[in-house]
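Could you look over one loop with me before we discuss the annotated positions? My comments follow as numbered points.

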Amino acid sequence: MPRRSHNLVSSRIIIVSARRTKRSASARSSNLRFPKSVAAEGMADRYFPNEMPDFVEEQEGAVAQSTLHSLLCLPYTKLTDKFLRAALDLKEKVVKETWLRNGRRVKDFTLYTGALGTAFLLFKAYQSCFVHNGCLIGLSVDLVWSRHVTFICGRAGVCALGAVIAKHAGDNVLLNHYLSSFREVFQDEQILGAAEEAAKVVWSRGLLKRVGICHGISGNTYVFLSLYRLTGRVEYLYRAKAFACFLLDRANQLIADGRMHSGDRPYSMFEGQAGMAHLLLDMIRPSESRFPAYEL
């Protein structure tokens, strides 16, 4: 068969296959489609209604309707003291549950759910208030020699964090050993507009019934922190503060009542309370906040 005829037949086969695939997918989609009321009801079960005001003026001593509202009214400098105390308390709890209780033996080296997440939190605490902790050194040494550990769940994350620690320690040999480069994601007005539209949904439905960074309130708060860093608009800082205050005021009780999921690994960086502690530390200097592991 001449090449041109062969190409024409091939094109027709592809077109017919695509049409059949489209019809098949459409049929499957119609079979799986749920009533709108059922879908809406299922989604509503995943988050707490956001009843917080769109904005609250900071005014010390203001008459507040609830403890959460009183936190929103506090001057930011006083609120950060509460964030810091809560974060450091959580840090100690995370270290106890993930490091000391295991006899300083590491089985899960990953940042997502394991020891690298604890090391990352300890380093964040050091950056935030120069809290020295020997556990950081012990964890780092063990992690460096692990060969079972990509970034979030692999060895690249160890090398990246090791490079940052080496730089702060002034160890150029280790720095050169671990150093690797990362590029910023390209940003333009279209991407910014899409991000701001997404942030509206997060404000409305983002008080998820989970505490963690991966799929919980802590992670959603970074939407507002990122937009605040990018735009400098106070409304995004307020919304980050509001979500953080919600966690500070209610997370422990909601978890105790069984109304909020603390994570399959409740003290890990991405599923549990280590992520919440990291967020609260970032709230101290929000203009310098970084989403853990993705921005160093």
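1. C214 sits in the loop between α9 and α10, in what is a predicted model. C214 is partly exposed, because its relative accessible area is 36% and the partly exposed class lies between the buried limit of under 20% and the exposed limit of over 50%. Once residues up to four places away in sequence are set aside, C214 touches Y112 and F270.

2. H215 is likewise found in the loop between α9 and α10, and with a relative accessibility of 39% it counts as partly exposed. Apart from its neighbours within four places in sequence, H215 is in contact with Y112, L208 and R210, so that Y112 appears among the contacts of C214 and of H215.

3. The UniProt record, an unreviewed entry, places the feature "binding site" at C214 and H215; I would add the caution that such annotations may be inferred rather than shown by experiment.

4. L207 belongs to the loop that runs between α9 (189–205) and α10 (217–231). Is L207 buried or exposed? L207 counts as buried, because its relative accessibility is 1% and the buried class covers values under 20%.

5. The surroundings of L207, leaving aside neighbours within four places in sequence, include contacts with Y47, F48, P49, N50 and M52, and also with V202, I217, F243 and F246. For one of these partners, F243, the C-alpha atom is separated from that of L207 by 7.4 Å, although the two residues are 36 residues apart along the chain.

Technical notes
Residues are numbered from 1 along each chain as its sequence is written. This is a predicted model: local features need pLDDT of at least 70, side-chain atom pairs count only at pLDDT 80 or more; totals for chains, interfaces and linings use all residues. Side-chain values use heavy atoms; hydrogens and water are left out. Helices (H or I, at least four residues) and strands (E, at least two) are DSSP runs, numbered from the N terminus. Buried means under 20% relative accessible area, exposed over 50%, partly exposed in between (1.4 Å probe, protein chains only). Contact means heavy atoms within 4.5 Å.
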